Amino acid sequence: MSPPAFAYDDVPYEDFPVTESHVDTLYVEARRAGLDAVPPRRARILELGCAHAVNLIPMAFDLPQAQCLGIDLSPKQIERGRAHVQSLGLSNLELRCADVMELELGARRFDYVIAHGLYSWVPEPVRARVLTLCRDHLAEGGVAYLSYNAMPAWGIRGAIARALLQGVGAVEDVFEKVRRARAVLARLEQVQPLRGTAEGALMKIEIDALRDVPDSYLLHEYLVPCSRAFYLCEVVERAQQAGLRWIGDVAPGSLSPAERRRTRAALEGLADDPLVAEQLTDIVGFRQFRASLLCRADASLATPPSWSELLADSFVAAPPADPSPGDSAEVRVVLDALGQRWPRDLPLDVLAEGLGGEVASVVDTLGSLIADGRVRLRPRSLPIVTEPGEQPGVSALARFESQHRSFVTTPLHEHSPLDVFHSALVALLDGLHTRAALVEALADDIEAGRLKLTSEHVPTRAQLSAALVGMVERGLNGLALTGMLTA
């Protein structure tokens with residue numbers, strides 16, 4: 001029924017935290033749709049197909065009052081995740097090895113259900129079961145996140161996947177599957193009868209993009225026999241049949257939010273149904289991935305709140321960006337004020353006071369900027385500092401990840417890659433080391449051979465310490481820009 005766990009055990013998928021799946025985002029979008037969603041701080045969260053909980057662990061860490069449950073078919077993945085949960089002392093996160101088809105949750109209800117990287121890649125009965133689980137175990141006001149490969153962009157990719165599957169044949173060994181698939185790709189690169197045409201160019205782009213992808217991506221994305229992509233209308237219809245209602249999407253697409261909003265508005269006159277305009281926008285925007293939000297069909301949807309209502313108990317943030325040619329003076333002032341503070345956030349009243357204006361005068365500007373994706377709305381203020389102090393610190397989660405992963409998860413639920421030096425630096429940022437102590441600890445690591453130099457020149461201790469002063473300073477500033485430094 002479900003895909004064999006051994007494939008994931010032999011070639012683990014290189015997964016990262018999925019930014020748009022964080023319950024902060026789901027909460028904001030649910031409220032914008034008029035759903036009375038539960039605030040993230042005290043949410044009950046279920047993730048189906050959680051692997052080793054790389055997406056769920058940061059949520060459980062950042063939301064200690066939330067209750068989290070992760071489900072995955074792979075014993076090895078769950079075992080690895082449990083070890084990390086235990087090391088971090090997360091009493092609010094349970095990981096369970098179970099087949100979705102046989103999963104029993106009793107009367108448990110969840111405020112958020114996350115199914116990322118699952119729906120498009122499992123057999124049809126499992127897809128139906130995922131929707132049934134969402135319907136049966138979503139609380140009133142609950143939100144389900146369902147990601148899937150989307151049409152039309154996956155039309156070409158689906159054709160390549162079919163070619164790879166047919167070229168690989170019935171071989172069962174996962175490593176041999178990957179070897180044969182790469183041989184098929186090499187042959188497809190050579191045999192391109194449509195070279196020089198628009199169709200041939202599209203095919204070449206997709207084939208070229210697969211040349212250097214990891215084996216895990218090729219295996220789990222392209223060599224899954226039951227894999228398929230969906231038009232939005234198909235998923236909405238399936239959700240309705242399962243007793244669910246579509247309320248929006250959160251995955252980034254090929255169009256910016258502003259471009260998407262303008263395109264959808266231009267297409268709305270072609271049909272009475274807003275869903276049709278949304279589907280047409282996918283087609284002209286060549287959408288390739290969706291993360292749809294669903295609620296129970298019997299959930300009460302109120303009139304969507306105004307921007308002033310949404311902003312009253314929220315926080316806003318925006319990264320530094322050059323103004324657009326058509327930006328008004330008000331927009332430029334707001335973006336500049338938020339950009340100078342990034343990645344920290346501000347409540348509405350503090351922002352308005354800092355701009356010397358009334359709250360009402362800022363609301364409309366912020367609303368349009370949020371709708372266009374240029375300002376981010378946060379349901380809680382993130383504990384970020386932007387100036388490295390004398391004893392800089394990061395979270396215990398970041399220090400743990402620096403020693404067990406190739407990245408750290410930022411408070412924005414984004415992954416930030418680490419090289420060897422920055423892994424060693426982050427591991428030391430417990431808020432107790434002064435900058436001088438950081439330099440000396442890193443110098444000790446280098447002299448003891450625990451941290452390797454790329455240069456063949458062997459510096460003296462004084463030279464090494466002098467070089468490390470600048471490296472530590474640049475490293476701390478870089479961490480500050482990603483939001484890693486905490487108060």
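## A three-stranded sheet

In this predicted model, Val 316 stands opposite Leu 377 in β10, and strand β8 (residues 315-317) pairs with β10 in the antiparallel sense over three bridges. Pairing here requires that DSSP find at least two bridges between two strands, while the strands (E, at least two residues) and helices (H or I, at least four) are DSSP runs numbered from the N terminus. The open sheet is formed by three strands in the order β9-β8-β10, with antiparallel pairing, and its edge strands, each pairing on one side only, are β9 (346-347) and β10.

Residues are numbered from 1 along each chain as its sequence is written. Local features need pLDDT of at least 70 and side-chain atom pairs count only at pLDDT 80 or more, whereas totals for chains, interfaces and linings use all residues, and side-chain values use heavy atoms, with hydrogens and water left out.

## Helix α8

The buried residues of α8 (under 20% relative accessible area with a 1.4 Å probe, protein chains only) are Gly 200, Glu 206 and Ile 207. They lie on the same side of α8, because they cover an arc of only 130° around the axis, taken from the directions from the helix axis to the C-beta atoms. On the other side of α8, Ala 198 and Ile 205 are exposed, that is, over 50%.

## The largest pocket

The lining of the largest pocket divides into 24 nonpolar, eight polar and 15 charged residues, where Asp, Glu, Lys and Arg count as charged, Ala, Val, Leu, Ile, Met, Phe, Trp, Tyr, Cys and Pro as nonpolar, and the others, Gly among them, as polar. Its largest share, five residues, comes from α2.
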